[in-house]
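Here are my notes on the model you passed along, set out as numbered points. Please read them with the structure open beside you.

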Amino acid sequence: MEAALELQGVSKRYRYFSLEPLSLSLQPGQILGLVGPAGAGKSTLLRLILGLVHADAGQIRVLGQPMPTAQALAKADVGYVSRDMGLFGSATLDWHMRWVASIYPGWDEALAQRLLKHFALHPGQRARQLSSGERMKALLLLTLARRPRLLLLDEPTSGLDPVARQEILGELLAVVEDPARTVLLSSHHTQDIERICDRIAFLDRGRLVADDDTDSYLQRWRRLSLDLPVDGVLPDVAGTVELRRDGRSAVLLTADYQPTLEAALSAAGITVHQSQRLTLEEIFVASVMQHRQERGE
């Protein structure tokens, strides 16, 4: 099956920022969560995928089309939503809907009307009268009603109140139920990523730190609270990211947890008081800090 999105050795250099050579592949039906702090390169990566900027090196294919040379063909089936996108201030939402429908023959009017009701939007509302939450809902409506095969979302819930966030996430959950739709969601809200994405990628300072299946990745990270034997010896534990010791007490953070680990520690005379799974946010912070330490940053 042809990848919905494929990047091979893609890099981009600016004066004060560089996106290091990056390879990433996204298959049809997958939902990838791209997590990174401000300035990590998430928006740069999305602009490269959309052909808005040209890579210095590497290859990008979107829905089988090489970018940016065939971007017109690819973009017919690509939807993009960003908090920085604008609407025509004096025009109504109804005008925007009719305008987008006139451009894209795949416009789904029934879906558009359902989203209007679900988001509590009104066709007669002018764009300049919309709140930030309503504007994001309007942008999402205009994009989803096109039924794009690839959906790129750049911080769609950033700055929104909890109710607006849940409304938007609820609609995205409905989108990802369609196996023909592929989604790349860029966000620093790790709770959003953990809720709806089946794959995660961590980006930090222009470098890809991790790219893995969400469930298995979460399973591999554990924090163990230990009591060491009298001699204080702790055997090497695979995937150790952090170890804090206080006398005979220790807290071990591992990125390669196996079900046999606790039995092996017990056999070495170590008492495991607690084995705790980490949140995606905790894992992201630990991964980034480990990556920076390894690079001497």
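1. The chain contains 10 helices and 14 strands, and the reader should keep in mind throughout that this is a predicted model.

2. As to overall dimensions, a box of roughly 75 × 40 × 40 Å, taken along the principal axes, holds the C-alpha atoms of the chain. Of its 297 residues, 48% count as buried, and among the contacts with a separation of 6 or more, 70% are accounted for by residues 24 or more positions apart.

3. Turning to the surface, the chain exposes about 14,300 Å², of which carbon and sulfur atoms supply 50%. The chain carries 33 positive and 36 negative charges, and the mean positions of these two sets are 7 Å apart.

4. Which residues have the most contacts inside the largest nonpolar core? They are L141, F202 and W221, in a core that has 51 residues. Helix α5, which spans residues 132-144, gives the most to this core, contributing seven residues.

5. Apart from that core lies another, made up of 29 residues, and L24, L26, V62 and L184 are among them.

6. W221 deserves a separate look, since its neighbours can be listed in full once residues up to four places away in sequence are left out. On that basis W221 touches V241, L253, T254, A255 and Q276, and also R277, L278, I283, A286 and S287. W221 is also one of the residues with the most contacts inside the largest nonpolar core.

Methods. Residues are numbered from 1 along each chain as its sequence is written. This is a predicted model: local features need pLDDT of at least 70, side-chain atom pairs count only at pLDDT 80 or more; totals for chains, interfaces and linings use all residues. Side-chain values use heavy atoms; hydrogens and water are left out. Helices (H or I, at least four residues) and strands (E, at least two) are DSSP runs, numbered from the N terminus. Buried means under 20% relative accessible area, exposed over 50%, partly exposed in between (1.4 Å probe, protein chains only). Contact means heavy atoms within 4.5 Å. Accessible areas come from the Shrake-Rupley method with a 1.4 Å probe; for residues, only the protein chains shown count as cover. Lys and Arg count as positive and Asp and Glu as negative; His and the chain ends are not counted. The place of a charge is taken as NZ of Lys, CZ of Arg, CG of Asp or CD of Glu. A nonpolar core is a set of buried Ala, Val, Leu, Ile, Met, Phe, Trp, Tyr and Cys residues joined through side-chain atoms within 4.5 Å.
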